[in-house]
Amino acid sequence: LGSSRNPERHQAMHFGEEEEEASSSSTFRCATHRPGRNSSLFRLAVDETTKQIVDASTRRRVQLRCASWYGADQKDFVPGGLAVASLEDIADVILAATPDLNCVRVPVAVETVLENPVVPAVAIAANSGLSGLRALDVLRRVLGALATRSIAVVLDQHVSTADWCCDADDGQGLWWTERYSEDQWLAALRQLAALRSYEGAHGCSTIVGIELRNEIRPVRTGSGHLLEPTWGDDDSATDWAAAARRGGEAVLAVDPDLLIFVGGLDFGHDLRPVRAHPVDLPASRLVYTAHSYAWSCPTCATYTALAAHLDASWGFLRHERHDRHAPVVLGEFGTDHRLFFEDGRASCDMSDDGTWCDEDTTVDHHHPQMQWWAWLLRYLRERHPGIDFFYWPLDGTQSPGRTRRRGAEEVYGLLNTRWNAPASAGLLADLRTLRLQDDDADTGPGECATSNVP
């Protein structure tokens, strides 16, 4: 790991205030996967008593603090930014964000996996060494760059056809589409699961889990009919709980050590059906994931209303004691970084009536999005301290897709348009307030236990 880090560059690009050196008591490490081979892997599990994500070896709490690096789910078929900056430089910028972030969620399309097209030259213009490679070859390079820096990875099977999502008219709200069947979805999941052992066999893999699908939602058919997803009714075409079981089993048949992340209904917002019909997967592997954005509850006009809505939708999973419940992570959330002042610190909370607690605030407090953002952070800190989270997105620029333009500013992105620094110090400071404060817990990945990572 030391040889992969440029200390001067790392110091210049550091996101936080002072870098916190990880001690042996506050890290988890790759574990030997196949005796006799130079192979090592990060391994996490779910503690079936506490319902928390833990290091599989030490059984100590691990908080995943991730940002989604999208693009392999879009029309360029590769994670974004490679047209602007080198892969090594982007990976170093992510490393510089530690310990505030310790994980990357990588959305991938079924099309990217099964078709494995040659990547357009324009998408990798700043990386001559990637020229002519196919999508999965580039993805392996990206995973290798993250592994050398001991950054954990969650692979997200985001969409079927590579494109921007999500609404009822994009035809991708279920796990199968008119173009890609359930069998092809399962085949893509198996290939994603196999990436972990492939990377481990060549050095170290930091892949810790796979998200089975992004934002299950209604689909408008060619006849105009709205096909609604269901949960627990055994309808082979719409029952997401049953499909998630099949998807999880396909992944675990390839690699039984991966975590399986399963989202809820209604664009990932609603996990209420879990009470009656939990997903039937091993308790040591299953993690639920919920999404929350400013538009997720348009009727939530006060903090009290928002908190009640979130408690009912997914928060109950962290408070109710039930043998068949599983942990839940905040799998997507984000806000417009342009609403933070350039020299901003963390935004302050709002009172229940919407008035600001501090006139010297560093965000545009007249914008309703920031009212929601402040309430969400307050809810997470008060009701779910130390929650695992996947911020959307890391990207500083857009990847091409429906309603998207390659190279345009990604206004929710953590990085700037040059991919070499944070877009907003205030946004990152807000995320820092969500860090686990338990000194007895492992709060993130340590070093890969190999010196031969490609």
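Arg105, Asp156, Glu211 and Glu332 are joined in a network of salt bridges, a salt bridge being a side-chain nitrogen of Lys or Arg within 4 Å of a carboxyl oxygen of Asp or Glu. The model is predicted, with local features needing pLDDT of at least 70, side-chain atom pairs counting only at pLDDT 80 or more, and totals for chains, interfaces and linings using all residues. Residues are numbered from 1 along each chain as its sequence is written, and side-chain values use heavy atoms, with hydrogens and water left out.

Within the network, Glu332 and Arg105 meet at 3.1 Å, N to O. Glu332 belongs to strand S14 (residues 328-332) and Arg105 to strand S6 (residues 103-109), so this bridge ties together parts 227 residues apart in sequence; strands here are DSSP runs (E, at least two residues), numbered from the N terminus. Glu332 has 4% relative accessibility and counts as buried, as does Arg105 at 0%, where buried means under 20% relative accessible area, exposed over 50% and partly exposed in between (1.4 Å probe, protein chains only).

Asp170 offers a second place to look. Its side chain forms a salt bridge with Arg217 (2.8 Å, N to O), and both residues are buried. Asp170 also bridges to Arg402, with the closest N and O atoms 3.6 Å apart. Arg402 is partly exposed, at 30% relative accessible area.

Turning to the nonpolar interior, the largest core has 113 residues, a nonpolar core being a set of buried Ala, Val, Leu, Ile, Met, Phe, Trp, Tyr and Cys residues joined through side-chain atoms within 4.5 Å. A second, separate core of 16 residues includes Val46, Leu64, Leu259 and Val287.

Note on methods:
Helices (H or I, at least four residues) and strands (E, at least two) are DSSP runs, numbered from the N terminus.
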